[in-house]
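Work through the exercises below with the sequence and the coordinates open. Each task is followed by a stepwise solution.

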Amino acid sequence: MIPRIVATPLADGGAPPADGKPRRVSADVLAAVLPGPGRDRLAGGEVLVVTTGQQPGLFTGPLYTIYKALSALALARRLERDRGVPVVPVFWVAGDDHDFAEANHAWVLSAAGDAVRVVLRERAAEAPLLPLFREPCGAEIRAALDQLRTALPDTEFKAGVLAWLEAAYRPETNLADACAEALHQLLGARGLAVFRAHDAAAKRAAAPWLLRGLEVTLPDGLTPVLVEGRAGRDRLRAEAGAFVTRRSGERFTRAQLEQFATETPERLSPNVLLRPVVEAALFPTVAYAAGPGELAYLPDAAPLYDRLGVARQTPVARWSGVLLEGRIEKLMQKHGLALADFERPPGSIEAHVVSASLAPDVEQAFAGARQHIEEDYSRLAAAVGRLDPTLERTVQSARNAALAGTHDVEKKLVASLKRANETVLGQLARARAALAPEGKTQERMLTAASFLVRYGPGLVDALEAEVARAAGAS
């Protein structure tokens, strides 16, 4: 049985997607799209595009990566139906990104229901910040896959899930290509066009727009263009007719950067504000399925669109939700818990549940004792104050100590009840691991493999249908 899918919308309403003018996609851009139905439609003539994107991640990264892709699929279908023109969903795999600390691990739910962190390897602090398309999976991927195999429960779907990831994440493949292939295998047949932004052909197509971006200085004093230098991927600052890297201090002339654009365009890349502008330049993009962070910063890119003469696409909130398994839902119903309760600090739910098991007469006894302390010490303070006002603080301290004593007794009683309710507490811990591992939302931590291994490919069908319904595409 598929878990209940609970939508947790990121934003309400928003502007309708831009009108856009259908046009053909260039051969270089098409060459960077993995072959499949999505690329075939892009190559079929004049189209519009709905995009989304994410940096690559180990084993496709957190669930919200899949939710972004499904959001683009749903929005493209709705717009195609409403506008009567081909609208293709494109996933921009941001292989230029250099945040290895985000991409080098994946969180999965173990067979025991615990959140387990699977790590590929660490990058030394002094190492160059290489883009992820230059980070091979390497021999370490075998150990990571073994960790994944050990952690995941044995189900009828396990062999298929592992085969899917093993085919994409191979020692000789870089992290960006591995993630692109895994996404393509999961969603390509549904019409998603997976675009490898780090591909040589894509870099050639993007190079003219990056060179134009060198003419822009952002409020932080830097251009929106990055170059690979001695320190890895590095921002550029215009200085005395040339450009200097922020970290390594390397100096490049405009002519040198133009040479890079022609001969080694993979050394140039856009920053987070220029990327959506380049995206809209390469594709006839009318909308971008965005997460909360992107919805916050994309408006800051508006001046870049104007400077480079590119029509803006409309940011649209991606679908957001929680996979609520039956066992957890029953536990929540039994104890009167809501999803929001799991966002509270660890231990708070456990204390609430255990405290709720206190007999009414015990709770009343504690409440009565505190009320009597308050009343008795209030009278005592008044009497003592009339005789010797200097002793009022002493009485107040005694009152506080007496109240603290009742709280200490109650805490010890709750601790005793916790020990007696280890089964319930274990269930709550596993529920927290599934809903809010490490205090973060499920979709920002756990990988799709955690749930595909339990529920099979039918889960993707159910998610696609729910996202389509929310987008008005069903």
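The exercises cover salt bridges and then one sheet.

The model is predicted: local features need pLDDT of at least 70, side-chain atom pairs count only at pLDDT 80 or more, and totals for chains, interfaces and linings use all residues. Residues are numbered from 1 along each chain as its sequence is written, and side-chain values use heavy atoms, with hydrogens and water left out.

**Exercise 1.** Find the salt bridge partner of Glu464 and state which parts of the chain the pair ties together.

Step 1. Apply the criterion: a side-chain nitrogen of Lys or Arg within 4 Å of a carboxyl oxygen of Asp or Glu. The whole structure has 33 such salt bridges.

Step 2. Glu464 meets Arg77, with N to O at 2.7 Å. Glu464 belongs to helix α19 (residues 458-471) and Arg77 to helix α3 (residues 63-83), so the salt bridge joins parts 387 residues apart in sequence. Helices (H or I, at least four residues) and strands (E, at least two) are DSSP runs, numbered from the N terminus.

Step 3. Check the accessibility, where buried means under 20% relative accessible area, exposed over 50%, and partly exposed in between (1.4 Å probe, protein chains only). Glu464 is buried at 15%, while Arg77 is partly exposed at 37%.

Step 4. Extend the search from this pair: Arg77, Arg190, Asp461 and Glu464 are linked in a network of salt bridges.

**Exercise 2.** Are Glu443 and Arg318, which form a salt bridge, buried or exposed?

Step 1. The N to O distance between the two side chains is 2.8 Å.

Step 2. Glu443 sits in the loop between α17 (422-435) and α18 (449-455), and Arg318 in the loop between β13 (314-317) and β14 (321-324), 125 residues apart.

Step 3. Both are buried: Glu443 has a relative accessible area of 6%, and Arg318 has 4%.

**Exercise 3.** Give the strand order of the five-stranded open sheet and identify its edges.

Step 1. Two strands pair if DSSP finds at least two bridges between them. The order is β6-β3-β2-β12-β13, with parallel pairing.

Step 2. β6 (193-196) and β13 each have a single partner strand, so they are the edges, and one side of each lacks a neighbour in the sheet.

Step 3. Inspect one pair: β2 (residues 48-54) and β3 (residues 87-93) are joined by seven bridges, and Val50 stands opposite Pro89 in β3.
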